[in-house]
Structure formats: structure tokens, C-alpha cells
Amino acid sequence: KQGSVIWVFLFFALLCGFTFGLPYLREYVESKKSVPVSSDTKEKSKEKTDTTEAEKDIVYYEIDQNVTFAFNNLVKESTDDYYFVFSITNESDNIFDFSKNYYVEFYTADKTLLERSKIVGDQSITNNQEAVIKLQINENTYNNASLIAVVEKSEDDYPEVTLNKKDNDYDILVCTNKNNEITYFFKEDKLEKITDIYNYTNVDVNSYNAVLSSYQNLAASYNNIEGVASNITDTNQSFTMNTQIDLATANVDNLKNKHYFKKNANSKKVKFEMEAMRYTCS
């Protein structure tokens, strides 16, 4: 009888222990089924999430270390044409006169180059002065560009050019956009003269007269410069301005036109820089 009582007591002791230990046993079994996640894995997961969110929100642009100005207010515009507009501040102690060849390169989100635009301006920028720059871009760039890079290039960076067109003794390069046809005349790959033909068609009478008047004044000012001859043919619905520049005597600095190059400029310089101002050259 005493042995029977002991076995009953042990049975109830095991039953109570099992009952109270069941929750802990379940936790142990579940922990064995699950795959442990290390702190490194958790951190990487967090970094990936943070990076993904950042990529959705941030618009990237890269600036070459030699660039001495800051970018602000970058905007694409679609008005009478497609434009990229931004303001720059000269952060150097020197006057920035646009004589250096800086370019804005436009890229898709996967960094495919769409277009390259030369940064040009009419006025110099002094230390800490801000200027607004408006560059023409093509429709594809307007629709697809999401990244830009700013780079300085020298003539050594420009690809070589072979001129296949001739006019008498000259090798010629013809650059066109929707209103302009500019022909550059070379001998032994040295620029000697320029012909610039600008066409304007009447859209509105008042605006036409204003544009015509401004170009008549421009032609008159050109004719006061040695080596330059300019005339305008007006039909009341359109006009053509024809400018001839002989670089043997003309100083293009006096013309203040970013499409005119100095005597002896080579063809690769003219082609590369004109195409970066949205001309097509051949």
C-alpha cells in the first residue's frame, strides 16, 4: 500500500510539472522551427529599405571637382521650345567669363547620356554673384533626363573630325538649327571665314516688326566692324539676314556671338561646341 501511495504521488507531481512547463516547452519548439536572423542581416535589410526610399526621393547630379560655381533651382521648361534653366553662383575669387568650356551632360535614370549642352552666357559673373542660365535642350532630354553632370572639357577631349564638303578651295562645315544655317570655311583645318544665314517668318505683325527692327540694328552694328558685311532681305512676311565674316581682318570678339569662332579654330572645336548648342553639323 505504501508503494502504491508513492506511485500516485509521483504521477501527480509529473502531471503538475508538465502542465506548468508546457508553455516553456512550446516556446522552445517554436524557436527551433524558426530561422534565426543575425544582427548583420537585420541591419542590411534596414539599409536596403532606407536606400530604396532614398532613391525614390533624391534627384542626383554630379559636379566635377574643378567647377567653381554652385547650382541652384534646376528646372526643365516647355514653352516655345524645350529648356533647362538653372542659377549659378561664382564661388571662386576670379571673374567667370564663360571662356572655359563647361558642359551640362544630361542622363537617364540608368545613366545613359542623352545630350550635352555648352554653358554660355553674355555677361561675366563676379565673386559670389548669381546668374540665371537658360539652355536649349531637345524633346527627348526634356522627357527623359533625370540626372545631370557638369564637366569641363578641353579641345583634347573633342573627337577628331573629317570634313567631306567643299566650296572652291575650302573645306566646309555646315551647322543648322530651325532658323539658322552657319557655314564655316577651313583651309588645312584652320577656320578662315564664316557665313551666317538667319531666317525669320512672320507669326504676328507686331512681334514681326519688333524682331525685324532688332535684327536691322544688329546688321547695322555688324557693318561697322572691319571684315564683316551684313544685309537683310525683307518680304513683309519673312526676312533673311545674311552675314559674311572674313576672319583675316574681323575680330569676332566684337561681334559678341557665341556661334562665331576665332581665326584658325579647328573643325573639331567648331563641330563639338556647335552641336552642344543644339545645332546639327555635317
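1. A good place to start is the covalent cross-link: searching the whole structure, which is a predicted model, turns up 1 disulfide. C175 and C281 are the two partners, with an S to S distance of 2.1 Å. In general terms, such a link is a covalent bond between the sulfur atoms of two cysteines.

2. Where do C175 and C281 sit along the chain? C175 belongs to strand β9 and C281 to strand β14 (residues 280-281), so the disulfide ties together distant parts of the chain, 106 residues apart. Both cysteines are buried. Because the torsion about their S-S bond is about 115°, the disulfide of C175 and C281 is right-handed.

3. Next, have a look at the strands. β10 and β11 run antiparallel to each other and are paired over 8 bridges. Within this pairing, K187 lies opposite K190 of β11. The hairpin that β10 and β11 form has 2 residues between the strands, and E188 adopts a positive phi near 55° there.

4. β11 also has β13 as a partner: the two are antiparallel and joined by 9 bridges. One pair to pick out is N199 with T240, its bridge partner in β13.

5. Now for the interior. The largest nonpolar core has 33 residues, and the members touching the most others are Y184, I245 and M274. Two or more residues come from each of β9 (170-176), β10 (180-187), β11 (190-201), α4 (205-222), β13 (238-246) and α5 (267-275). Of these, α4 contributes the most, with 5 residues. A separate core of 19 residues lies apart from this one, and F69, F86, I88 and V104 are among its members. As background, nonpolar side chains in soluble globular proteins tend to be buried together.

6. I245 deserves a closer look. Which residues does I245 touch, not counting those up to four places away in sequence? The list is E192, K193, I194, G227, V228, A250, V252, L255 and Y260.

7. One of those contacts, G227, is worth following up. G227 sits in the loop between α4 and β12 (228-234). Is G227 buried, partly exposed or exposed? Its relative accessible area is 27%, and since buried means under 20% and exposed over 50%, G227 counts as partly exposed. Setting aside neighbours within four places in sequence, G227 contacts Q244, I245, D246, T249 and A250. The C-alpha atoms of G227 and A248 are 7.5 Å apart, although 21 residues separate the two along the chain.

Technical notes:
Residues are numbered from 1 along each chain as its sequence is written. This is a predicted model: local features need pLDDT of at least 70, side-chain atom pairs count only at pLDDT 80 or more; totals for chains, interfaces and linings use all residues. Side-chain values use heavy atoms; hydrogens and water are left out. A nonpolar core is a set of buried Ala, Val, Leu, Ile, Met, Phe, Trp, Tyr and Cys residues joined through side-chain atoms within 4.5 Å. Buried means under 20% relative accessible area, exposed over 50%, partly exposed in between (1.4 Å probe, protein chains only). Helices (H or I, at least four residues) and strands (E, at least two) are DSSP runs, numbered from the N terminus. Contact means heavy atoms within 4.5 Å. A disulfide is a pair of cysteine sulfur atoms within 2.5 Å. Two strands pair if DSSP finds at least two bridges between them.
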